[in-house]
Amino acid sequence: MVEPFKTPTTGYDKLASVYDRLYLSEKDLQRSAAAHGAARECLGKVRPRGAVLDAGCGTGFLLEGVPVGEPTYVGVDISNGMLAEAKSKFPSYTFLEASVTDTRLPAGSVGAFISLFSVVNYVETSELLGEIGRICASGARVLIVARRALSSDDYQGTPEFACLWDWDTITEIHCSDTLRDVAVRPLTESVLGDDKFVVLEATRA
Ligand SMILES: C[S@@+](CC[C@H](N)C(=O)[O-])C[C@H]1O[C@@H](n2cnc3c(N)ncnc32)[C@H](O)[C@@H]1O
């Protein structure tokens with residue numbers, strides 16, 4: 001398994017003011033639409049009441065494509081700069097500056113845990129599963145859209161992503177006690193044949 005990369009907080013602080021202009025190619029927009037679609041589908045299956053946690057919310061990408069009500073939404077991000085952008089776009093929503101591995105949210109308070117293009121590339125899987133297990137209610141839906149490594153060649157163009165999500169990580173998640181009904185599929189089946197993102201859907205055990 002590859003070693004996790006330490007969260008590039010300062011990197012995202014510096015990127016924050018231009019972040020929303022970084023991913024506007026046709027392929028990026030298709031990928032964004034697919035991620036929003038996956039999130040809408042996930043939220044349609046949520047049974048327990050509770051917060052919708054946007055893990056690694058960045059500048060508020062989830063809210064841009066998915067109608068999540070103000071009272072239930074909680075965005076968590078470790079980068080103050082990214083959060084400042086999110087707050088300026090969605091001033092009435094709740095955002096917390098924290099690591100997703102230590103959110104300080106009450107135990108069992110989350111009904112849906114959603115991570116789009118964010119934290120799983122930066123944190124230890126065991127710590128992530130530990131916090132999901134603590135804050136999610138039993139039956140909560142978990143959706144993670146993550147960059148994956150296809151081969152060691154994948155790292156060459158993006159050395160900053162020392163830890164892409166690999167199949168060992170997915171196996172670790174499959175074998176965890178925290179999640180059940182774990183399903184992993186490509187982000188898009190047909191539109192982006194070479195897309196390097198996968199979708200993991202699961203239920204908190
Ligand atoms: C590529 S951006 C994605 C942001 C947003 N989800 C989107 O799709 O546009 C990754 C985000 O994860 C955040 N992040 C990285 N490590 C984190 C951690 N340990 N806890 C919370 N947020 C983290 C970064 O600050 C950044 O805002």
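The shell around the ligand consists of twelve nonpolar, seven polar and one charged residues. These 20 surrounding residues include Gly56, Gly58, Phe61, Ser79 and Ser118, which are the closest. The model is a predicted one.

The protein chain holds six helices and seven strands. Read from the N terminus, its elements follow the order α-α-β-α-β-α-β-β-α-β-α-β-β. Of the 205 residues in the protein chain, 37% are buried. Counting contacts between residues at least 6 apart in sequence, 69% link residues at least 24 apart.

In the interior, the largest nonpolar core comprises 49 residues, and Ala39, Leu53, Phe113, Ile114, Val142 and Val145 have the most contacts inside it. Strand 5, residues 136-147, supplies the largest share of this core, with seven residues. Phe113 can serve as an entry point: leaving aside residues up to four places away in sequence, Phe113 touches Leu53, Ala55, Ile132, Cys136, Ala140 and Val142.

One of those partners, Ile132, leads to helix 5. This helix spans residues 125-135, and its buried residues are Leu128, Glu131, Ile132 and Ile135. They lie on the same side of helix 5 because they cover an arc of only 105 degrees around the axis. An α-helix has 3.6 residues a turn, so residues three or four places apart point the same way. What do the buried residues of helix 5 pack against? Their partners are strand 4 (110-116), strand 5 and strand 7 (197-204).

How values were computed. Residues numbered from 1 in each chain as written. Predicted model: local features only at pLDDT ≥ 70, side-chain atom pairs only at ≥ 80, totals over all residues. Core = buried A, V, L, I, M, F, W, Y, C linked by C-beta atoms within 7 Å. Buried ≥ 20, exposed ≤ 12 C-beta atoms within 10 Å, placed from the backbone. Helix = DSSP H or I, 4+ residues; strand = E, 2+ residues; numbered from the N terminus. Contact = placed C-beta atoms within 7 Å. Near = placed C-beta within 6 Å. Nonpolar A, V, L, I, M, F, W, Y, C, P; charged D, E, K, R; others polar. Arc of directions from axis to C-beta.
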